Amino acid sequence: MGDHPPLSYIGPDGFMKWRGKPEVQEVSRRGRSAVGAEEVWALGVRETGTDLA
């Protein structure tokens, strides 16, 4: 796909971003949230029983 900055978000470029060709997109404020990241990590630990931290 080419060179992209680390942690780039690639998604569809079409109507309402539901389908289309891949393009680099801006990550939402919620997606950049440290609290959200901790919640996702906790969910992964709880569901898999594995903590890599």
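Select Ile10 first: this residue is partly exposed, with a relative accessible area of 29%. Ile10 lies in strand E1. The model is predicted, and the values on this tour are to be read with that in mind.

With Ile10 still selected, add Pro22. The two are 12 residues apart in sequence, and their C-alpha atoms are 6.1 Å apart in space. Strand E1 covers 9-12, strand E2 covers 22-25, and a loop that holds Trp18 runs between them.

**Strand E2: Gln25**

Move to Gln25, which is part of strand E2. Is Gln25 buried or exposed? Its relative accessibility is 14%, so Gln25 counts as buried, since buried means under 20%.

Show the side chain of Gln25 and look for backbone oxygens around it. One of them belongs to Pro12, which the side chain reaches at 2.4 Å. Another belongs to Gly11, reached by the side chain of Gln25 at 3.5 Å. A distance label on each pair will show the two values, 2.4 Å for Pro12 and 3.5 Å for Gly11.

Now widen the selection to the contacts of Gln25. Which residues does Gln25 touch once its neighbours within four places in sequence are set aside? They are Tyr9, Gly11, Pro12, Asp13 and Lys17. Gly11 and Pro12 therefore appear in this contact list, and contact here means heavy atoms within 4.5 Å.

**The loop: Met16 and Lys17**

Go next to the loop between E1 and E2, where Met16 and Lys17 are found. Check the backbone torsions here. Met16 is not a glycine, yet its phi is positive, at about 55 degrees. Lys17, also not a glycine, has a positive phi of about 60 degrees.

Colour these two by accessibility. Met16 counts as exposed, at 52% relative accessibility. Lys17 has 43% and counts as partly exposed, because the partly exposed class lies between under 20% and over 50%.

**The aromatic pair**

Stay with the loop and select Phe15 and Trp18. How many aromatic pairs does the structure hold? The count is 1. The ring centres of Phe15 and Trp18 are 6.1 Å apart and the ring planes stand at 85 degrees, so the pair is edge-to-face. Edge-to-face applies because the angle between the planes is over 60 degrees.

Are these two residues buried or exposed? Phe15 is exposed, with 64% relative accessibility. Trp18 is exposed as well, with a relative accessible area of 63%.

Add Met16 to the selection and switch to a surface view. Phe15, Met16 and Trp18 form a nonpolar patch on the surface. Together the three residues have about 450 Å² of accessible area.

**Salt bridges**

Select the charged side chains next. How many salt bridges are counted? There are 2.

For one, pick Lys17 again, together with Glu23. Their closest N and O atoms are 3.0 Å apart, and the two residues form a salt bridge. Glu23 is partly exposed, with a relative accessible area of 28%. Its partner Lys17 is partly exposed too, at 43%. Lys17 is thus a residue with several labels: it lies in the loop between E1 and E2, has a positive phi, is in contact with Gln25 and forms a salt bridge with Glu23.

For the other, pick Glu26 and Arg32. Here the closest N and O atoms of the salt bridge are 3.9 Å apart, against a cut-off of 4 Å. Are Glu26 and Arg32 buried or exposed? Both are exposed.

**Last stop: Pro5 and Arg32**

Keep Arg32 selected and add Pro5, which sits in the segment before E1. Pro5 counts as exposed, with 52% relative accessibility. How many residues separate Pro5 and Arg32 in sequence, and what is the distance between them in space? The separation is 27 residues in sequence and 15 Å in space, C-alpha to C-alpha.

Methods
Residues numbered from 1 in each chain as written. Predicted model: local features only at pLDDT ≥ 70, side-chain atom pairs only at ≥ 80, totals over all residues. Heavy atoms only, no water. Patch = residues over 30% accessible without salt bridge, like charges linked within 9 Å, V, L, I, M, F, W, Y side chains within 5 Å. Areas by Shrake-Rupley, 256 points an atom, 1.4 Å probe, with all protein chains shown as cover. Helix = DSSP H or I, 4+ residues; strand = E, 2+ residues; numbered from the N terminus. Buried < 20%, exposed > 50% of the residue type's maximum accessible area, 1.4 Å probe, protein only. Polar contact = N/O pair within 3.5 Å; in protein donor to acceptor, adjacent residues only side chain to side chain. Phe/Tyr/Trp six-rings, centres within 6.5 Å; stacked < 30°, edge-to-face > 60°.
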